[in-house]
Amino acid sequence: MDFALLADGRLVFICLLAGVVSMLTTLNVAARPAAVHTKQVALALAVSSIFFMFTRFANLFYLPILGSYVDKAVRTGAVNVLYEQIQWVVIGSALGALMSWMMLPTFCAVYERGIAGVQSRGSMFRVLLGLPTPRGLKALCGCLRSPLLLRGWTEGSSRIRGPFLIWNVCATAIWTVGALCALYVSAAVPKLEATAVLLSGLVNSFAAIAFAIFVDPKAAVITDQTVQGQRPEQDVQAMTFWLGAGNFLGGLLGLAVFPVGIAMIEWATLQLGQTSMSGNMWLVIGLNTMTALLMLTALSSRVSAVITKKVATSLAIYNVFFLITRLATQVYAPILGAVRDSVINGQASASELLPLFRWVVWAATAGTILGWLLIPTFVEIYNQAIAALEKRGGAMAKLLKDLLYPSNWLRVLRCIRAPQLFGVTRGDLKQMPKGFLLANTVVVGIHVIGVLSAILAGAQLSGQLARTATLLSSIINGVATILASILVDPTAAHITDQCVHDKRPLHHIHIMVVFLAATTLAGTILSQLLLQPSSQLIALCAQLLDWLFHYL
């Protein structure tokens, strides 16, 4: 490692931002002790998404700045220097995870305060508005806790054993370096830079698999069992302690994973670079239909959570469906990147992109309609999966392995139910807050076209600006994440928890699900109107960032 590189203030700034991203991501594990203390599992996990929102913002800043180093490496041929610069960024991420581990007691208190605030004020938006006030700042300062409290968190360690802790370390290592590997490859293979950048998901998908199958289900079962009094509270604290420590170790392990990720992404980039522009567009349309369908199963998971009273386990099972959507996205996003690279290299016309991308958006509309029709079926699938997962002690891998046997396929087919509206009528709309339904429409409309609009913007630009525009897909998805984290998810989680604790009737969760499905459909239609303006916004932001970071 060349310490002389740290004389570059901009590189140090990037390392600090990478540490902030890692710190806020790691602190999501603090939601589980808060869920146990407050008995508000869905709301605790929704509040944790606020920290994820801040990580998206930090990524928005440091990845485009790092993109300028990539452009310099392409011009000078000093790719080896870029390699060492990225290694320092990985170290910054590991140190951020260490800091978050030390702050776990503080952030558990912050979560509990946030949950109480949502319950008393009715929405996360009102809670956040109160933070800059003297009373809000005083409340935050009152959440400060000593890291020495962590010594008491190890009391239940003897009962928290198993490979899921090791999987957490390995998955964190992969997650830490995914986008960084892609940036390096975009310098090594500059003619296919967009394809390389969008292939970061190829590395990150391995981490998502490990989290969704080996880590989250086990943690969810432990959380639900503790909430229901089947385990002592020390078990969740011990689990949180070791998951936090594992995130730090995983960050350091990222240095070893970095060259492996580079090799994988470079191979995939070269393979995709040989595909034609139109040959795979039907594959993209089909995958986007499936993605929209499976994303809507989040609504089924909330109904099942209320029926079974197993909120964390239900959400952990949804993560498996979410994993499938991530894998589908990581397949078609690089294909779209290859299409953009063909335009930049003069092999196709930029005017061909917009009509093709509109078909991709219509695919999301079709997937949403299918997902809506299948909500009753997926509710039953969730009910059966929750029971099976608890029977296996949270071992998601065993559950998925059992599904490979044809003898179990009949059990899945028996879950098929006719489409229905659960007795919901238009008059039931008065039982739901109108603001969060409207926000859901906007969130979906923005989220559907995040990657598409960034690729369109990149096709209109060149050089560093094109790479920056591709990286700025998070400027669209980041806005959607902010709105979802503040206006949609906390309200939906609060209603779910109220139904779980019989403070609302079961019919209210049906009302929420039906109207969220309707506004999701409306959002996919809205995305058609937002596609072209969003690409113009991203192109403008790329130019502004280039001007701003020119003086850093």
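In the predicted model, Arg417 and Glu380 form a salt bridge whose closest N and O atoms lie 3.8 Å apart. Arg417 is located in the loop between helix 18 (409-413) and helix 19 (434-448), whereas Glu380 belongs to helix 16 (residues 375-391), so the pair ties together parts that are 37 residues apart in sequence. The two partners fall into separate accessibility classes: Arg417 is partly exposed, with a relative accessible area of 36%, while Glu380, at 17%, is buried, because the limit for a buried residue is set at under 20%.

A total of 4 salt bridges was found in the model. Among them is the pair of Asp235 and Arg159, in which the closest N and O atoms are separated by 2.6 Å. This pair links distant parts of the chain, with Asp235 in helix 11 (residues 233-272) and Arg159 in the loop between helix 7 (134-141) and helix 8 (163-188), 76 residues apart. Asp235 has a relative accessibility of 1% and therefore counts as buried. Arg159, by contrast, retains a relative accessible area of 41% and is partly exposed. Salt bridges with shared partners also bring Arg231 into the picture, so that Arg159, Arg231 and Asp235 are joined into one network.

A further salt bridge is formed by Lys309 and Asp502, with 3.5 Å between the closest N and O atoms. Here too, distant parts of the chain are linked: Lys309 lies in the loop between helix 13 (297-308) and helix 14 (311-344), and Asp502 lies in the loop between helix 22 (473-500) and helix 23 (506-549), at a separation of 193 residues. Lys309 is partly exposed at 31% relative accessibility, and Asp502 is exposed at 61%.

With regard to the overall fold, the chain contains 23 helices and 0 strands. Of its 552 residues, 57% are buried. Among contacts in the chain with a separation of 6 or more, 89% are accounted for by residues 24 or more positions apart. The accessible surface of the chain amounts to about 22,800 Å², and carbon and sulfur atoms contribute 67% of this area.

The interior was next examined for nonpolar cores. The largest nonpolar core comprises 96 residues, of which Phe164, Met239, Phe357, Phe436, Leu452 and Met512 touch the most other members. Helix 23 gives the most to this core, supplying 12 residues. When residues up to four places away in sequence are not counted, Phe164 touches Phe214, Val215, Lys218, Ile222, Met239 and Leu243. Apart from the largest core lies another, made up of 35 residues that include Leu66, Ile86, Ala173 and Leu199.

The second largest pocket holds about 460 Å³ of space. Its lining consists of 18 residues, and those closest to the centre of the pocket are Ile381, Ala385, Leu399, Leu403 and Val412. At least two lining residues are supplied by each of helix 14, helix 16, helix 17 (396-402) and helix 18. Helix 16 thus appears in two settings, as a contributor to the lining of this pocket and as the element that carries Glu380, the partner of Arg417.

Key:
Residues numbered from 1 in each chain as written. Predicted model: local features only at pLDDT ≥ 70, side-chain atom pairs only at ≥ 80, totals over all residues. Heavy atoms only, no water. Salt bridge = Lys/Arg side-chain N within 4 Å of Asp/Glu carboxyl O. Helix = DSSP H or I, 4+ residues; strand = E, 2+ residues; numbered from the N terminus. Buried < 20%, exposed > 50% of the residue type's maximum accessible area, 1.4 Å probe, protein only. Contact = heavy atoms within 4.5 Å. Areas by Shrake-Rupley, 256 points an atom, 1.4 Å probe, with all protein chains shown as cover. Core = buried A, V, L, I, M, F, W, Y, C linked by side-chain atoms within 4.5 Å. 1 Å grid on protein atoms, 1.4 Å probe; cavity = no way out; pocket = protein on both sides within 12 Å on 5 of 7 lines; lining within 4 Å. Points joined across faces, edges and corners; volume = space filled by probe spheres on them.
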